[in-house]
Each structure stands twice: as structure tokens, then as C-alpha cells.
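Please open the model in a viewer and set the display to cartoon, with side chains available on request. The tour below proceeds by selection.

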Amino acid sequence: MSTRQFLALFARAIVPPAVTPAIPLRCCMQKRYAGHNKWSQIKRAKGAADAARGKLFGKIARQIINAVRQGNGGSDSRSNIYLAAALQQARAVQMPKGNVETALAKGAASAAAGAPIGEQVVYEGRTGQGVSIIVVAITDNRNRTAAEVRHLFKEAGGALGQVMFQFNRRGRIVAQPGKSGDTLEAILDYVAIEVDGVEDVKETEFVKDGEALESTAIEVITLPEEVGRVQQVLTQRGYDIAQTEPVAYIPTGDLVALGEDREPFLEFMNRLNDHDDVFEIFHNAHL
């Protein structure tokens with residue numbers, strides 16, 4: 001599972017139904033106080049959800065700024081695959097248009113001023129449940145971020161260490177039929193036979209609004225340097241590009257079954273994802 005799929009699931013998890021408390025109110029308070037306390041819980045839940053969503057918007061804004069900066073200030077996503085990917089994330093979480101435009105402007109201003117961009121760093125580690133993790137961060141202080149990520153792993157019973165050999169560094173595209181009118185089977189055949197640079201193609205679940213929709217998309221795996229060209233070919237064919245990862249770390253072996261360790265693992269993923277500098281998380285767990 002990639003970080004973008006995880007983020008979609010995470011975004012859903014942090015917005016609980018406002019009218020359904022986790023514990024029935026009648027079990028823990030007198031009925032005459034239920035209305036007041038229920039509203040208090042709703043306000044607290046909404047506040048937490050708003051804060052988490054704001055943090056997510058802030059992360060995506062930084063991605064947009066860095067992508068524009070990498071593209072020398074250009075805001076044309078057709079020629080900047082990293083910007084296209086960041087804008088897709090913004091649409092997926094319904095980031096307000098004003099926030100996106102502000103980030104684009106900041107990126108252009110940063111490029112014009114020759115301001116330095118954050119340094120991308122990759123951390124490898126293993127959790128206490130035996131899951132291998134790749135963490136991609138953008139930081140202006142490598143030592144600080146390394147220490148904080150190391151602490152998060154240690155807190156969860158894991159440690160930083162080499163696990164890259166368990167992953168392939170590839171590009172990933174998720175496409176849907178769009179205006180082409182093709183069936184998924186026809187898309188699979190076309191991509192596998194006609195599109196150069198594709199290493200693998202298969203049906204996949206596409207997560208939308210926090211829910212996985214079965215058999216609605218295909219996943220295309222390419223080399224990172226081929227992502228832009230392959231995406232252009234798919235777009236010209238009439239397919240909709242639902243998600244693009246210019247660089248993704250794809251597990252090479254069997255996935256780790258978690259069983260009872262699933263909840264502790266997801267809690268650790270949430271803490272990692274909550275770190276301001278962390279932008280991508282890849283793992284080899286079976287969820």
C-alpha cells in the first residue's frame with residue numbers, strides 16, 4: 001500500500017461521524033446531561049478533525065511549493081510530473097482552491113528568488129511487528145528529522161535499518177476508463193501490449209473518499225523516468241489518471257500478515273504520518 005492510499009484511509013479515519021460517539025453516552029453519564037456532553041464531544045471531534053485536515057493541507061501545500069520550485073517556477077503540471085502528482089493529492093482530499101493557488105504562487109516566488117528548497121531524505125526501518133518501512137521526508141534540518149524519526153521507530157518497538165533490498169524503486173500510475181469507453185480488460189490488454197516502458201499492469205482497488213472501489217482502475221508500474229511519458233500516452237488514449245507516484249517503493253516479496261498486531265501498526269503509521277516532515281510512507285504489510 002502506498003502512502004497516498006494510506007492517506008486516503010487516514011483522512012477518513014480522522015473524520016468520525018459527528019452524531020455517533022465512540023461510547024454510548026447512556027453508559028457513562030446521566031441522561032439529563034447527555035445533550036450537553038454530546039455537543040462537547042462533537043465539538044472536540046470536529047476540532048481534532050479540522051486540525052488534522054489542516055495539517056494534511058499544509059503538507060500537500062509544501063509538496064506543491066517544492067514541485068514548482070523543482071520545475072524552475074513553472075506551474076504547468078503537464079510538463080512537471082511531480083507537480084501533477086501533488087495536485088492530484090490536493091484534489092483527492094478536496095483541498096480548497098485558494099490554498100492550492102497560494103502554494104503555486106509561493107513556489108513561483110521561491111523559484112524567482114532562488115530560495116533553497118527542502119532536502120529530500122529517505123529513511124529505512126523495521127517495526128516491532130516485523131514490517132519493513134520506507135519513509136520519505138522533506139526537511140530543512142536533516143539531523144533533527146533523523147533524530148525524530150528514529151525516536152518514533154524506537155517508541156513503537158522498531159528501529160531504523162537497511163530494508164531497501166525488499167523494495168523496488170518504481171513509478172506508479174492508477175488509471176480509469178474515462179472517456180475512452182474501454183473496459184478494464186481492454187485497458188489491461190492495450191497497456192500490456194501497446195505501451196512501451198510498462199513493467200507490470202493489473203486491476204487494482206482505487207480509494208476514493210476513504211472507500212476502496214473494486215475493479216474500477218488499473219495500476220501501471222514503470223521505471224521512474226518513464227512515468228511522464230506513459231501517463232501522457234494513457235491520457236491521449238482517453239483514460240483518466242486517478243493517481244500518479246513519480247517514485248514509489250514497491251515490495252518485492254510476500255507481504256507481512258499482521259493479525260492482532262494490525263492496530264498497533266496502524267497507530268505507528270499515524271504517528272509517522274503526523275510528523276511535519278514526512279511526506280511518503282511505503283511498507284510491506286498486508287492490511
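The stops that follow go from a sheet to its helices, and then to individual side chains.

This is a predicted model, in which local features need pLDDT of at least 70 and side-chain atom pairs count only at pLDDT 80 or more, while totals for chains, interfaces and linings use all residues. Residues are numbered from 1 along each chain as its sequence is written, and side-chain values use heavy atoms, with hydrogens and water left out.

**The four-stranded sheet**

Helices (H or I, at least four residues) and strands (E, at least two) are DSSP runs, numbered from the N terminus. Two strands pair if DSSP finds at least two bridges between them. Select β3, β1, β2 and β9, which in that order form an open sheet with antiparallel pairing. The edge strands, each pairing on one side only, are β3 (159-160) and β9 (278-283).

Next, colour residues 119-126 (β1) and 132-139 (β2): eight bridges join these two strands in the antiparallel sense. Within this pair, Glu-124 has Ile-134 of β2 as its bridge partner. On moving to β2 and β9, one finds five bridges between strands that again run antiparallel. Here Ala-137 stands opposite Val-278 of β9. Six of the six residues of β9 are buried, where buried means under 20% relative accessible area, exposed over 50%, and partly exposed in between (1.4 Å probe, protein chains only).

**Helices across the sheet**

Add residues 142-155. This is helix α5, which lies across β1, β2 and β3 and runs at about 20° to β1. Then add residues 262-274, helix α8, which lies across β2 and β9 at about 155° to β9. Such angles run from 0 to 180 degrees between N-to-C directions, the axes being lines fitted to C-alpha atoms, for helices over the stretch in contact; contact means heavy atoms within 4.5 Å.

**Aromatic pairs**

Which rings link α5 to α8? Show Phe-153 in helix α5 and Phe-268 in helix α8, 115 residues apart. Their ring centres are 5.1 Å apart and their planes lie at 75°, so the pair is edge-to-face. Rings of Phe, Tyr and Trp (its six-membered ring) pair if their centres lie within 6.5 Å; planes under 30 degrees apart count as stacked, over 60 as edge-to-face and the rest as tilted. Both Phe-153 and Phe-268 are buried.

Turn now to Tyr-249 and Phe-282, an edge-to-face pair with 5.5 Å between centres and 70° between planes. Tyr-249 belongs to strand β7 and Phe-282 to strand β9, so the pair ties together parts that are 33 residues apart in sequence. Tyr-249 and Phe-282 are buried as well. By this rule the count comes to three aromatic pairs.

**Salt bridges**

A salt bridge is a side-chain nitrogen of Lys or Arg within 4 Å of a carboxyl oxygen of Asp or Glu, and by this rule the count comes to 12. Select Arg-172 and Glu-245, whose closest N and O atoms are 3.0 Å apart. Glu-245 lies in strand β7 (residues 240-251) and Arg-172 in strand β4 (residues 167-176), so the pair ties together parts that are 73 residues apart in sequence. Glu-245 is buried at 0% relative accessibility, and Arg-172 is buried at 3%.

Return to α5 and show Arg-144 with Glu-148, which form a salt bridge of 3.5 Å from N to O. The two residues are four apart in helix α5, and so are separated by about one helical turn. Arg-144 is partly exposed, at 30% relative accessible area, as is Glu-148, at 31%. Extend the selection to Arg-62, Asp-140 and Asp-277, which are linked with Arg-144 and Glu-148 in a network of salt bridges.

**Two further helices**

Select residues 81-92, helix α3, whose 12 residues reach 17 Å from first C-alpha to last, close to the 16 Å expected; the expected span is 1.5 Å times one less than the number of residues. Nine of the 12 residues of α3 are buried, so this helix is largely enclosed by the rest of the structure. Just after α3, Gln-94 takes a positive phi of about 55°.

Finally, centre on Ala-103 in helix α4 (residues 97-113). Ala-103 is buried, with a relative accessible area of 2%. Leaving aside neighbours within four places in sequence, Ala-103 is in contact with Ala-61, Ile-64 and Ile-65. The C-alpha atoms of Ala-103 and Gln-63 are separated by 8.7 Å, although these residues are 40 apart along the chain.
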